Each structure stands twice: as C-alpha cells, then as structure tokens.
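Hi,

Here is the structure I promised to pass on. Could you open it and keep it beside you while you read the notes underneath?

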Amino acid sequence: MIDVLVAGGGPVGLATALYADRAGLEVAVQDPRPAPIDKACGEGLMPAALQALAELGIEPPGRPLRGVRYVDGTHSAQALFPAAAGRGVRRTALQGCLRDAVAARGITVHQASLTELRQDESGVRAAGLGARYLVGADGLHSTVRRLTGLALPGRSPVRWGLRRHYRIEPWSDLVEVHWCPTAEAYLTPVARDLIGLAILSGQRASFEDQLACFPALSQRLSTAAGSRVLGAGPLRQRTRARVAGRVLLVGDAAGYVDALTGEGITVGLAAARLLVDCLAAGRPQDYERLWSRSSRRYRMLTGGLLWVAGRPVLRRGIVRTAAAAPKVFEQVVGQLAR
C-alpha cells in the first residue's frame, strides 16, 4: 500500500504528487485521460503561481504578462503587477512540464478510471489501487467529491466558460478583460503567434454568439485562424467539506467560485502544499482549517466581484470605476498577483 494516491492528472494533481514525493511519501497518480490534457481556461498564470512552480523546478514556456487591462468599449483601465510578471502558458504545455517532472521523479501515473472507492481506518481503495490517503484533484465535476458525499447542490448564479485560440501575434503583454452586458472575454497571449480567448457568461450560447457581444474584438480576430472550442461549467461548485476520513480534496474539486480573477492555479498550488504538509505530519484533519484560511482572500475577492458583475446597474460601472480610481484598481491587481 502506497502513502498517497492522487486522483487527477491536471496541474494541481501533478503538483500534489511532486509535493508528496518531496515530503518523502510514496505517491502515485490516477487519471483516465491520455496526456496531454487540455482544458477550457484562461491560461494566465499569476506571479505567485509562477513562483510556486519554480520552487518545484517547473519553468513552463509562454509569454510574459505584466498586468491586467479592463475594456468595455468606451472606457479602459490597466494596472501592472507590482513586482514579478505573470505568464501566459498553454494549458497543455503546463501539464506537459509537470508530467515530465513527475516522470523524472519516478512517480507512476495510472491511466485508469475511478468509478468507486472504499475506505476504512487503515486506507482507501480506488481504481484498483490501495493507499493510506486518497487526494481528489479531479476538477470541477469531481468524481471523488461525489463518491464521498461531499458535493452540495449548485447555487446561482450559474456561469459557463468557452475557450478558443487564435493564430495571431499578441498586441499586448497584458491580460485583457473585455466586458459587455452579459459576458466577459479574457484575452491571454500564450505564444509568439497565439492568443487564447476565454469567454465567461451566464448564458449558454455558441462561441460565435458570445463573441458577437464584443464587436471590436470580433472584428480584430475575424481574419485570424481559430482552433476548436472547448467548454467548461457550470463554474460554481459547492462542497460540504474538503476532508472525509482519509479522502481529501484539492484544486477545483475542493470547491470553486468563478474564474473571474484568474487565481485557480495559484490557489490550487498553495492548497496542495498545505495538504501534503498535513499528510506528512499525520494530521489530515488540519487541512480543512488551513484550506479555508489560505483560500479566504480568493473566495472573498472573487465572490465580491461576481456579486457586482451579476447586477446590471453595477456591472455597467465596473470598468468606468476602475478607470476613475486607478490606485484602487492597482491594489486589486496587486492582490491577484499574490
């Protein structure tokens, strides 16, 4: 029986395995999907996420991101990260770098499905494997969360995400967030000739229909070759707890508010490190409290912005307010960089 089985071979799951290996725990990863694993996401790494990855020896390729610009057609506001830059990184490139690091450490990745799990006072058995602890890092629609009874019913607002890449030279080294009455469009440069466009909305519509809400952006991208569209959602996922006996949740599986602030990887990596520290100390019960404390800023900031964005009168003033109060906007962007 190994010490830790990580269910989920995305970035946070692989990082959890690396942290566990570094702590001297015997660890393996389970995921039914063949590598590389792609996902509909914004692909912008905040400076804190880059620092955490560097501490694991991971330097993913991509494009520097100096800050954030908000645009609504008539107003714009921008703020730079206060210290180090972030980076736009293709999701497949990030996952590939972490997968290579896992392989270099001799950590086994089992390409198997997890359809049931059993646990007792000595360990957990899932996907035909036995471990002292099981870590659910299997994303928004976590099977581990569902099987352990930790999932809670959804709550409004319900939002969805769509992503497409465009073969075009980036015109900025900022993450551009374009606002319209019903959606936000996130532009992230990820390579010398590639931009990722993620659209978040409370409406389920085609990518083309969503993009039409941003006429200037749509026109600018009209001549660029686009990739296939990937979707994700509903984004908001509620969780009863992060710990159930010897099963622990991390990353999106642990609960998710929204992608508005782009902090998913940052929060997931921080939680993965705390989780492994708890397992190494033989105190998995401490993880719930530590997760709550470490993710509080993200949950408050994202929840507050989501509340404002969900009210049409207030939503119309988001970019105008950011432009009129640049110091406040800089402080918000500084929080995102942490």
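Below are my notes on the strands, the helix pairs and one single residue.

First, some housekeeping. This is a predicted model, so local features need pLDDT of at least 70 and side-chain atom pairs count only at pLDDT 80 or more, while totals for chains, interfaces and linings use all residues. Residues are numbered from 1 along each chain as its sequence is written, and side-chain values use heavy atoms, with hydrogens and water left out.

A quick word on names: helices (H or I, at least four residues) and strands (E, at least two) are DSSP runs, numbered from the N terminus. Two strands pair if DSSP finds at least two bridges between them. "Buried" means under 20% relative accessible area, with exposed over 50% and partly exposed in between (1.4 Å probe, protein chains only).

Strands β14, β15 and β16

Let's start with strand β14, residues 174-179, where 6 of 6 residues are buried. Leu174, Glu176 and His178 point one way, Val175, Val177 and Trp179 point the other way, and all of them are buried. As background, side chains in a regular strand alternate between the two faces of the sheet.

Which strands does β14 pair with? Strand β5 (residues 67-71) runs parallel to β14 and is joined to it by 5 bridges; there, Val68 sits opposite Val175. Strand β15 runs antiparallel to β14, with 4 bridges between the two. Glu176 has Leu187 of β15 as its bridge partner, and the hairpin formed by β14 and β15 has 3 residues between the strands.

Follow the chain onward and β15 (residues 183-191) is joined to β16 by 8 bridges, again antiparallel. One pair to look for is Pro189 opposite Ile195 of β16. This hairpin, from β15 to β16, goes through 2 residues.

Strand β16 covers residues 194-201, and 8 of its 8 residues are buried. Leu194, Gly196, Ala198 and Leu200 lie on one side, with Ile195, Leu197, Ile199 and Ser201 on the other, so to speak a strand with both faces covered. Strand β13 (residues 160-167) is also antiparallel to β16, through 7 bridges, and Gly161 of β13 stands opposite Leu200.

A three-strand sheet

There is also an open sheet of 3 strands, in the order β3-β7-β4, with antiparallel pairing. β3 (44-45) and β4 (63-65) are at the edges and have a single partner strand each, so one side of each has no neighbour in the sheet. Between β4 and β7 (residues 86-88) there are 3 bridges, and the two strands run antiparallel. Leu65 is opposite Gly86 of β7.

Two helix pairs

Packed helices are described by the angle between their axes and the distance between the axes. Axes are lines fitted to C-alpha atoms, for helices over the stretch in contact, and angles run from 0 to 180 degrees between N-to-C directions.

Helix α7 (residues 264-280) packs with helix α8 (residues 287-309) at an angle of about 165°, and their axes are 10 Å apart. That makes the two roughly antiparallel (angles over 145 degrees get that label, those under 35 count as roughly parallel, 65 to 115 as roughly perpendicular and the rest as oblique). Contact here means heavy atoms within 4.5 Å. On the α7 side the contact includes Val267, Ala271 and Leu274, and on the α8 side Tyr287, Leu290 and Trp291 are among the residues. The contact residues divide into 9 nonpolar, 2 polar and no charged (Ala, Val, Leu, Ile, Met, Phe, Trp, Tyr, Cys and Pro count as nonpolar, Asp, Glu, Lys and Arg as charged, and the others, Gly among them, as polar).

How do α1 and α3 pack? Helix α1 (residues 11-22) and helix α3 (residues 91-104) have an angle of about 20° and axes 9 Å apart, and are therefore roughly parallel to each other. Among the contact residues are Leu14 and Leu18 of α1, and Arg91 and Leu94 of α3. This contact divides into 8 nonpolar, 1 polar and 2 charged residues.

One residue to click on

Finally, have a look at Leu117, in strand β9 (residues 117-119). Is Leu117 buried or exposed? Leu117 is buried, with a relative accessible area of 18%. Beyond its neighbours within four places in sequence, Leu117 is in contact with Arg125, Ala126, Leu134, Val144, Leu147, Thr148 and Val247.

Happy browsing!
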